[in-house]
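The following exercises are to be worked with the sequence and the coordinates at hand. Each task is followed by a solution in steps.

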Amino acid sequence: MAVAVLVPAALQGGRASGATATASGAKSVDIDHFAFHPPTLHVKRGGKVAFTNSSNVTHTATSGGHFNTNRIKPGKTVLVRFSQKGTFSYHCEIHPFMKGKIVVE
Ligand SMILES: [Cu+2]
């Protein structure tokens with residue numbers, strides 16, 4: 001496993017909204033309008049990415065064999081830590097046309 005999915009921030013005290021209010025050093029992917037923003041995100045090895053669902057429908061960020069946020073409900077955030085270098089393409093399991101990429105450097 002390249003990464004470990006952390007406990008959703010939403011379960012840690014309701015501070016899930018506000019993608020920039022995550023743990024120190026976390027970068028953010030915003031999910032809205034059936035797309036990941038930005039579509040490609042660069043992060044340092046060991047860094048975290050906060051996937052925040054700003055839309056009105058449930059999404060996932062899923063990279064087969066690498067990471068899976070599982071279902072992120074509207075307004076919720078899931079943090080993923082990336083411990084291995086590499087390029088990880090991911091998609092939404094519910095809407096497979098939604099695609100993104102995390103580049104761990
Ligand atoms: Cu989706």
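## Exercises on a predicted model

**Exercise 1.** In this predicted model, determine whether T60 is buried or exposed, and describe the surroundings of its side chain.

*Solution.*
Step 1. The relative accessibility of T60 is 1%. Buried means under 20%, so T60 counts as buried.
Step 2. T60 is placed in the loop between β5 and β6.
Step 3. Its side chain makes a polar contact with the side chain of T62 at 2.8 Å. The T60 side chain also reaches the backbone nitrogen of E93, at 2.8 Å.
Step 4. Leaving aside residues up to four places away in sequence, T60 touches F36, N68, T69, N70, R71, H91, C92, E93 and I94.

**Exercise 2.** Identify the donor atoms of the copper ion and locate the two histidines in the chain.

*Solution.*
Step 1. The copper ion is coordinated by ND1 of H59, SG of C92 and ND1 of H95, at 1.9 to 2.2 Å.
Step 2. Along the sequence, the donor residues follow the spacing H-x32-C-x2-H.
Step 3. H59 and H95 link distant parts of the chain, being 36 residues apart. H59 sits in the loop between β5 (48–53) and β6 (62–63), whereas H95 sits in the loop between β9 (86–91) and β10 (99–104).
Step 4. Both H59 and H95 are buried.

**Exercise 3.** Classify the geometry of the aromatic pair F67 and F82, and state which parts of the chain the pair ties together.

*Solution.*
Step 1. The structure holds seven aromatic pairs. In the pair of F67 and F82, the ring centres are 5.2 Å apart and the planes lie at 80 degrees.
Step 2. Planes over 60 degrees apart count as edge-to-face, and the pair is therefore edge-to-face.
Step 3. F67 belongs to strand β7 (residues 67–68) and F82 to strand β8 (residues 77–82), so the pair ties together parts 15 residues apart in sequence.
Step 4. F67 is buried, with a relative accessible area of 3%; F82 counts as buried at 0%.
Step 5. F67 and F82 belong to one aromatic cluster with F36, F51, F88 and Y90.

**Exercise 4.** Establish the exposure class of G46 and name the residues that it touches.

*Solution.*
Step 1. G46 is found in the loop between β4 (40–43) and β5.
Step 2. Its relative accessible area is 35%, so G46 is partly exposed.
Step 3. With residues up to four places away in sequence not counted, G46 touches R81, F82 and S83.
Step 4. The C-alpha atoms of G46 and Q84 are separated by 7.3 Å, although these residues are 38 residues apart along the chain.

Note on methods. Residues numbered from 1 in each chain as written. Predicted model: local features only at pLDDT ≥ 70, side-chain atom pairs only at ≥ 80, totals over all residues. Heavy atoms only, no water. Donors = N, O, S within 2.8 Å, 3.2 Å for Na, K, Ca; no water. Helix = DSSP H or I, 4+ residues; strand = E, 2+ residues; numbered from the N terminus. Buried < 20%, exposed > 50% of the residue type's maximum accessible area, 1.4 Å probe, protein only. Polar contact = N/O pair within 3.5 Å; in protein donor to acceptor, adjacent residues only side chain to side chain. Contact = heavy atoms within 4.5 Å. Phe/Tyr/Trp six-rings, centres within 6.5 Å; stacked < 30°, edge-to-face > 60°.
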